[in-house]
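Student: I have a new structure in front of me and would like to learn how to read it. Could you take me through it feature by feature?

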Amino acid sequence: MTKGNAFVLGATGQVGRAAVRALVADGWEVTAASRGGSRDEGWPEEVRSVGLDRNEEGALAAALGEGTDVLVDVVAYDAGHAAQLTGLAGRIGSAVVISSGAVYEDEQGRSFDTQDRPDGFPRYPVPIPESLATVAPGGSTYGTRKVALERDLLAAGDALPTTLLRAGAIHGPYCPGPRELWFVKRALDGRPVRVLAYGGTSRFHPAHVANIAELVRLAAANPGSRVLNAADPEAPTVAEIGSAIDAVLGAESETVLIEGAPQGGVGLTPWTSEHPIVYDMTAAERELGYRPVVSYAESLPETVEWLAGRLKGREWREAFPGLAKYQVDFFDYAAEDTWLASRA
């Protein structure tokens with residue numbers, strides 16, 4: 001006996017792939033929707049895949065047919081997407097929607113949107129509870145759009161019970177902008193040294209796709225209107241991440257620490273933050289009975305293997321355009337060498 005029908009929108013992205021697998025394993029009949037309508041090799045045959053562009057007028061309504069018990073939306077980003085879902089409330093039993101930890105702001109109004117300003121990096125409490133204030137809803141930034149999405153979906157109430165998952169730094173196979181590449185490529189290049197700003201203590205709480213998928217699975221079986229953080233059981237420092245990746249690759253690297261901010265691009269990593277970003281997971285544990293299915297260190301071998309395979313024979317910007325879009329040369333070894341020589 002199945003638990004019901006589940007419709008996953010954005011099914012071939014990194015989170016969607018894992019969510020489909022988790023839902024099928026839990027007894028749901030799953031329709032996997034994506035623009036290309038392709039399939040993941042790890043999905044069982046009973047998964048129904050469909051091609052769908054949600055921005056095409058009426059396409060989502062047509063794909064839903066008579067409706068679905070739960071809709072999992074991995075690619076909802078703004079108020080327009082919220083309106084799309086609430087407009088179909090009579091045909092969607094409940095929803096699980098991926099949001100972001102980028103919505104939070106600190107007591108001084110600092111957020112991810114202000115981090116490039118003088119003294120603009122947020123000083124969040126450790127850990128960050130879901131009750132912390134958020135940026136104002138709007139359409140100007142990723143964070144403001146996600147808040148607009150959240151508020152409009154929560155306002156639907158019982159008409160469309162929605163669990164919103166505020167994900168941390170998502171990692172795992174198929175990541176479009178993999179932070180782990182910063183260490184993996186250095187090890188594969190035989191780079192003997194890496195430089196870390198802020199004494200290597202930066203913490204940007206990761207969220208493995210399997211742990212997010214577990215939250216999706218639990219929320220699908222327990223509908224409600226709620227906001228929950230989504231993150232791994234631990235928030236390692238960037239130095240600890242480097243050591244863990246070296247252990248997977250059997251590499252030995254010298255770590256040089258800058259006690260303050262990066263020197264230009266030297267010491268800058270995708271996790272670099274002046275103050276810690278750590279998400280509180282107690283609400284998910286209390287409301288859904290959530291327990292993580294994998295730790296950060298346990299997840300690394302699969303991630304590292306995928307990264308190395310993707311990188312083989314290709315320049316990193318070509319292999320990972322999602323990381324290249326930040327227009328930062330994360331592998332400027334010449335600049336690092338110049339900086340290291342200046343300290344000699």
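Tutor: We will go through the sheet, the core, the helix packing and a few backbone details in turn. Please keep in mind that this is a predicted model.

Student: Let us begin with the sheet: in what order do the strands of the open sheet of seven strands stand?

Tutor: To read a sheet, one follows the strands from one edge to the other and notes how neighbours pair. Here the order of the seven strands is β3-β2-β1-β4-β5-β6-β10, and the pairing is parallel. Because β3 (48-51) and β10 (226-230) each have a single partner strand, they form the edges, and one side of each is left without a neighbour in the sheet. On average, neighbouring strands of this sheet are turned by 20° against each other, with direction ignored.

Student: How many bridges join strand β1 to β2?

Tutor: Strand β1 (residues 4-9) and β2 run parallel and are joined by six bridges, and within this pair F7 stands opposite T31 in β2. Strand β2 itself, residues 28-34, is mostly covered, since six of its seven residues are buried. As a general idea to carry along, the side chains in a regular strand alternate between the two faces of the sheet.

Student: And which residue of β6 does S99 stand opposite?

Tutor: S99 stands opposite R166 in β6. Strand β5 (residues 92-100) and strand β6 (residues 162-167) run parallel, with six bridges joining them. Helix α4 (residues 142-155) packs on the sheet, where it touches β5, β6 and β10, and the direction of α4 makes about 160° with that of β5.

Student: Next I would like to understand the interior: which residues touch the most other members of the largest nonpolar core?

Tutor: One looks for the residues that gather many contacts inside the core. The largest nonpolar core has 78 residues, and V20 and L23 touch the most other members. Helix α6 (residues 209-221) gives this core its largest share, namely eight residues. There is also a second, separate core of 22 residues, which includes A59, L60, V97 and L164.

Student: What does V20 touch, leaving aside residues up to four places away in sequence?

Tutor: With those set aside, V20 touches V8, A11, V30, A32, W43 and V47.

Student: Now the helices: at what angle do α7 and α9 pack?

Tutor: For a pair of helices, one reads the angle, the distance between the axes, the handedness and the residues in contact. Helix α7 (residues 238-249) and helix α9 (residues 296-311) pack at an angle of about 50°, and their axes are 10 Å apart. That angle makes α7 oblique to α9, and the crossing in which α7 passes α9 is right-handed. On the side of α7 the contact is made by I241, A244, I245, V248 and L249, and on the side of α9 by Y296, L300, P301 and V304.

Student: Which residues make the contact between α5 and α9?

Tutor: Helix α5 (residues 181-188) packs with α9 at an angle of about 65°, their axes being 10 Å apart, and α5 passes α9 in a right-handed crossing. The contact is made by L181, V184, K185 and L188 of α5, together with V304, L307, A308 and L311 of α9.

Student: Is V238 buried or exposed?

Tutor: V238, which lies in helix α7, has a relative accessible area of 2%, so V238 is buried. Not counting residues up to four places away in sequence, V238 touches F183, L196, G200, T201, S202, T269 and W271. V238 and S273 are 35 residues apart in sequence, and their C-alpha atoms are 9.6 Å apart in space.

Student: Finally, where should I look for unusual backbone details?

Tutor: The general idea is that most residues other than glycine have a negative phi, and most peptide bonds are trans. In this structure a cis peptide bond joins V126 and P127, with omega about 0°, and P127 lies in the loop between β5 and α4. Y174 has a positive phi, near 70°, and is placed in the loop between β7 (169-171) and α5. Phi of Q327 is likewise positive, near 55°, and Q327 is found in the loop between α11 (321-324) and α12 (333-343).

Student: How do Y174 and Q327 count in terms of accessibility?

Tutor: Y174 counts as partly exposed because its relative accessibility is 34%, while Q327, at 75%, counts as exposed.

Key:
Residues are numbered from 1 along each chain as its sequence is written. This is a predicted model: local features need pLDDT of at least 70, side-chain atom pairs count only at pLDDT 80 or more; totals for chains, interfaces and linings use all residues. Side-chain values use heavy atoms; hydrogens and water are left out. A nonpolar core is a set of buried Ala, Val, Leu, Ile, Met, Phe, Trp, Tyr and Cys residues joined through side-chain atoms within 4.5 Å. Buried means under 20% relative accessible area, exposed over 50%, partly exposed in between (1.4 Å probe, protein chains only). Helices (H or I, at least four residues) and strands (E, at least two) are DSSP runs, numbered from the N terminus. Contact means heavy atoms within 4.5 Å. Two strands pair if DSSP finds at least two bridges between them. Axes are lines fitted to C-alpha atoms, for helices over the stretch in contact, and angles run from 0 to 180 degrees between N-to-C directions. Angles under 35 degrees count as roughly parallel, over 145 as roughly antiparallel, 65 to 115 as roughly perpendicular and the rest as oblique. A crossing is left-handed if the near helix is turned anticlockwise from the far one by less than a right angle, and right-handed if clockwise.
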